[in-house]
Amino acid sequence: MNINYEYYRIFYYAAKFKNLTQAAQALHNSQPNVSRTIKLLEDELGCRLFIRSNRGMTLTPEGERLYIHVKTAVERIQLAENEIARQTGMEDGCVTIGASETALRMLVLPALRYFKKNHPKIRIRIRNHLTVQAVASARNKEVDFAVAVTPPQVERPLVSQPIIRFRDIFIGGPSCRVLHGKTIPLKELYAHPLICLPENTRTFQFYENFYLQHGLSFMPELYAATTDQILPMVKNDLGVGYIPKIYAEDALEKGEAFQLTLAEEIPSREICFIENEEYPLNIAARELKSLLFTHQKNPAPIPAETQPRTPPSIRETGSCPGMPEQPPSQAPPPRI
């Protein structure tokens with residue numbers, strides 16, 4: 001059978017109210033049209049669905065059986081329509097994000113600040129990962145999308161788009177004050193203990209390649225579990241390290257750490273947006289994606305009525321001015 005869904009919808013209201021006039025009012029239709037449609041449905045099914053009398057309408061046994069199934073179908077469709085309407089109006093929904101530490105602090109959190117202001121009813125779930133874990137979470141459909149620093153080459157169904165470029169700065173503690181303002185060759189850094197993230201991170205691999213390009217071995221003496229931990233270690237004169245400028249701005253202003261100039265230029269890195277083509281983004285996730293690309297261009301507060309749509313070209317930056325300051329966490333004893 002190939003019966004028009006509208007027939008079943010009209011039957012649903014007629015059976016629900018057991019009154020054609022009330023059913024017509026609920027359907028914004030006329031009573032004769034409702035009565036005619038019920039007759040067409042009965043003809044299609046080859047059985048009577050209602051018994052009509054002066055006291056009203058009652059369902060036949062066949063009508064009762066049909067109503068049980070039609071009621072479930074119609075009400076589920078109505079529920080789905082209502083959910084989609086709420087999501088379309090950004091009144092409901094959830095976005096799950098996989099983010100590496102630096103991407104989270106430099107880009108995701110500032111963008112979320114404005115997103116939640118404009119769409120407070122959208123739920124956000126953040127999974128803080130290493131870059132390789134963030135990419136894997138997108139591949140495994142555990143998140144709506146991932147945002148990570150210079151991810152390895154991704155293969156379909158994953159697609160990676162660069163959002164911004166940035167460069168780390170090289171910093172030292174109080175004992176490096178005398179080096180501030182001087183240009184230091186990379187090979188002379190062996191005189192200072194180097195602090196870095198563990199070997200299983202993209203940051204370690206990035207700087208290992210940087211040193212190899214200049215014919216040097218990359219040999220950190222101290223390892224921090226997170227980028228946040230590098231600054232406290234530097235401030236306590238445990239060594240020197242590379243971090244995004246956003247992590248060090250307050251310490252640089254207070255003279256607790258010093259930016260050092262290398263003779264060799266530190267290569268830029270990218271923060272990328274990674275999504276799974278087999279897992280289309282929902283409306284809220286698409287809106288947040290658009291905001292991520294727009295926020296890197298305009299870190300100032302975005303008006304509530306702004307609806308960014310087109311990702312601009314990537315730019316190079318040292319920090320993200322829109323990011324609220326966060327105090328550095330205290331580092332546990334370093335691994336040497």
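C94 is buried, because its relative accessibility of 17% falls under the 20% cut-off. C176 is buried as well, with a relative accessible area of 3%. Both values come from a predicted model. How many disulfides are there? The count is zero. A pair of cysteine sulfur atoms would have to lie within 2.5 Å to qualify as a disulfide.

**The chain as a whole**

The protein chain has 336 residues, and 44% of them are buried. Its secondary structure consists of ten helices and 14 strands. Contacts often join distant parts of the sequence. Among contacts with a separation of 6 or more, 74% link residues 24 or more positions apart.

**Two helix pairs**

Two packed pairs of helices can be set side by side.

| Pair | Residues | Angle | Axis distance |
|---|---|---|---|
| α1 and α3 | 5–17 and 31–45 | about 115° | 9 Å |
| α8 and α9 | 227–235 and 245–254 | about 25° | 10 Å |

Start with α1 and α3. Are they roughly parallel or roughly perpendicular? They are roughly perpendicular, because their angle of about 115° falls in the range of 65 to 115 degrees. The crossing of α1 with α3 is left-handed. On the α1 side, the contact is made by Y7, Y8, I10, F11 and A14. On the α3 side, V34, T37, I38, L40, L41, E44 and L45 take part. By class, this contact of α1 with α3 holds ten nonpolar residues, one polar and one charged.

Now turn to α8 and α9. These helices are roughly parallel, because their angle of about 25° is under 35 degrees. Is their crossing left-handed or right-handed? The crossing of α8 and α9 is right-handed. From α8, the residues T227, D228, L231 and K235 meet Y247, A248 and A251 of α9. By class, the contact of α8 with α9 is made up of four nonpolar residues, one polar and two charged.

**Backbone details in the loops**

Most residues other than glycine have a negative phi. Which residues have a positive phi without being a glycine? K18 is one of them, with a phi of about 50°. D237 is another, with a phi of about 60°.

K18 sits in the loop between α1 and α2, where α2 spans residues 20–27. The relative accessible area of K18 is 39%, so K18 counts as partly exposed. D237 lies in the loop between α8 and β11, a strand that covers 240–244. With a relative accessible area of 37%, D237 is also partly exposed. Both values lie between the cut-offs of 20% for buried and 50% for exposed.

These two loops connect to the helix pairs above. The loop that holds K18 begins from α1, the helix that packs against α3. The loop that holds D237 begins from α8, the helix that packs against α9.

One peptide bond also calls for a look. Most peptide bonds are trans. Is the bond from R156 to P157 cis or trans? The R156 to P157 bond is cis, with omega near 20°. Where is P157 found? P157 belongs to the loop between β5 and β6. Strand β5 runs over 145–149, and strand β6 over 158–166.

Definitions and conventions
Residues numbered from 1 in each chain as written. Predicted model: local features only at pLDDT ≥ 70, side-chain atom pairs only at ≥ 80, totals over all residues. Heavy atoms only, no water. Buried < 20%, exposed > 50% of the residue type's maximum accessible area, 1.4 Å probe, protein only. Axes fitted to C-alpha atoms, helices over the stretch in contact; angles between N-to-C directions. Helix = DSSP H or I, 4+ residues; strand = E, 2+ residues; numbered from the N terminus. Left-handed = near helix turned anticlockwise from the far one by under 90°. Contact = heavy atoms within 4.5 Å. Nonpolar A, V, L, I, M, F, W, Y, C, P; charged D, E, K, R; others polar.
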